[in-house]
Amino acid sequence: LKDIFIEFKPDIIGLSVMTKTFAQSIEVAKQCKKLNTKIPIIFGGAHPTFCAQEIMSRHSVVDYIIKYEAEYVFRDFLKELNTQSKFNTVKGLVYKDEDKIIENEPPELIRNLDALDYPDRRLIPYKQYLQKDDETTLITMRGCPFNCKFCSSTLMGRTIRKRSLENLLPEIRHLIDLGFKSIFFSDDTFTFDKQRVIALCNLLITEGFNFRWTCNMRITDADEEMLKYMKRAGCYRVFVGIESGSNIILNTIHKNLFVEQIHTAVRMIQNAKIEVHASFALGMPGETEESIKSSIQLAKDLNPEMVSFNILTPYPGTALSNNPEKEEIIIFDKYWYEKKDWFKKPIATSKTLNIEQLERLVKFAYMEFV
């Protein structure tokens, strides 16, 4: 990083910051400030969106924060930075005015995603990535209309906004031309619009594309006709967030899902010859040893090709993080994400389980599944 900094001589440092990489992002910012104390450093992403005041007050190396979608905000910010104007007209910007932290009003959601260029992967050393993995990501739409208590995605924008199918084709060709052989459609709710998925699959088939792909699927979106088209168009696996084998827990976290629906949907997906990656979250509000064992039994009954047993992470901005006492969970360290080794121990659990019980049950889950 130091060598690149010295050679490139950047005018500004922008960091896309996730909760799980926050500690590393702060470290990068500190190193950049050591090399040039006057260089502006700006944070963006979900974590800074929900923790802007906290970051600006606790970390002096961060000069600016962009909240929510950054494409147009960053452009407007750079115009003001170049002219040394006031920043109060830049929606979505957080900055310091002497000792005061100023938080401007949020920006409007970007409605026309087709107006945004897709990223040019040639600007990064993509061949090094290809040596490790021939799969990359592509986003076809933004937004999630649901309201799961443990997820911050909906807080970044619940309104669904879709790229046109014609707009997707150049990016897909770009990825294939670079040598990628598989694509993960990483939309929060890729299968939300059944007819759009079918239309995209038809387009991939008629255009003669030949690549493997996978996607996120909400379990209630499973549909035989749609799955048939997905398989024909190259889909080999779907990622489904099941979270729990207990209807009580599913209701508590606002999943709007029942165990019976999960059984039906997974059978439907597997009958279409598409693999299932089932994800469970353990330690949710109200979680007990019995409810976790229900999740383990459900995983065994479903017999997915892949399974993940994750421990609850109360992301900033979510109801679980904002009101842990009300949600009946315990967060052991409010600023857990400021530590690089946070992942070595559970950072939260329900009030009815301690850390040792939760760790033991996660190990038990994997041992039972295999």
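These are numbered notes on one sheet, two helices and two single residues in a predicted model.

1. The sheet. Five strands form an open sheet with mixed pairing, in the order β1-β2-β3-β4-β5. The edge positions belong to β1 (13–16) and β5 (100–103); each has a single partner strand, so one side of each is left without a neighbour in the sheet. From one strand to the next the twist averages 20°.

2. The β3–β4 pair. Strands β3 (residues 64–66) and β4 (residues 93–97) run antiparallel and are joined by 3 bridges. One residue pair can be named here: Tyr64 has Tyr95 in β4 as its bridge partner.

3. Helices on the sheet. Helix α2 (residues 22–35) packs on the sheet and touches β1 and β2 (41–44). The direction of α2 makes about 165° with that of β2. Helix α5 (residues 71–83) also packs on the sheet, where it touches β2, β3 and β4. For α5 the angle is given against β3, and is about 150°.

4. Geometry and faces of α5. With 13 residues at 1.5 Å a residue, α5 should span 18 Å; its end C-alpha atoms are 19 Å apart, which agrees. Val73, Phe77, Glu80 and Leu81 are the buried residues of this helix. Seen down the axis of α5, they fall within an arc of 100°, so they line one face of the helix. A general point bears on this pattern: an α-helix has 3.6 residues a turn, so residues three or four places apart point the same way. The buried residues of α5 pack against β2, β3 and β4. Asn82 and Thr83, on the other side of α5, are exposed.

5. Geometry and faces of α14. What span should the 15 residues of helix α14 (residues 355–369) have at 1.5 Å a residue? The expected value is 21 Å, and the end C-alpha atoms of α14 are 21 Å apart, which agrees. Buried in α14 are Ile355, Leu358, Leu361, Val362 and Ala365. Down the axis of α14, the buried residues fall within an arc of 130°, so they line one face of the helix. Glu356, Lys363 and Met367 lie on the other side of α14 and are exposed.

6. Surroundings and start of α14. The buried residues of α14 pack against two strands listed as β12 (275–282) and β13 (306–311), and also against β15 (348–350) and helix α12 (289–302). At the start of α14, Asn354 has a side-chain oxygen that reaches to within 3.2 Å of the backbone nitrogen of Glu356. Glu356 is itself among the exposed residues of the helix.

7. Ser291. This residue lies in helix α12, one of the elements against which the buried residues of α14 pack. Is Ser291 buried or exposed? Ser291 is buried, because its relative accessible area is 8%, and the cut-off for buried is under 20%. Its side chain makes a polar contact with the side chain of Glu287, at 2.4 Å. Leaving aside neighbours within four places in sequence, Ser291 is in contact with Ser246 and Ile249.

8. Gln261. Helix α11 (residues 259–271) contains Gln261. Gln261 has a relative accessible area of 34% and is therefore partly exposed. Which residue, 41 residues apart from Gln261 along the chain, has its C-alpha atom separated by 7.0 Å from that of Gln261? The residue is Thr220.

Technical notes:
Residues are numbered from 1 along each chain as its sequence is written. This is a predicted model: local features need pLDDT of at least 70, side-chain atom pairs count only at pLDDT 80 or more; totals for chains, interfaces and linings use all residues. Side-chain values use heavy atoms; hydrogens and water are left out. Two strands pair if DSSP finds at least two bridges between them. Helices (H or I, at least four residues) and strands (E, at least two) are DSSP runs, numbered from the N terminus. Axes are lines fitted to C-alpha atoms, for helices over the stretch in contact, and angles run from 0 to 180 degrees between N-to-C directions. Contact means heavy atoms within 4.5 Å. The expected span of a helix is 1.5 Å times one less than its number of residues. Buried means under 20% relative accessible area, exposed over 50%, partly exposed in between (1.4 Å probe, protein chains only). The arc is that of the directions from the helix axis to the C-beta atoms. A polar contact is a pair of N or O atoms within 3.5 Å; within protein, one must be able to donate a hydrogen and the other to accept it, and residues adjacent in sequence count only if both atoms are side-chain atoms.
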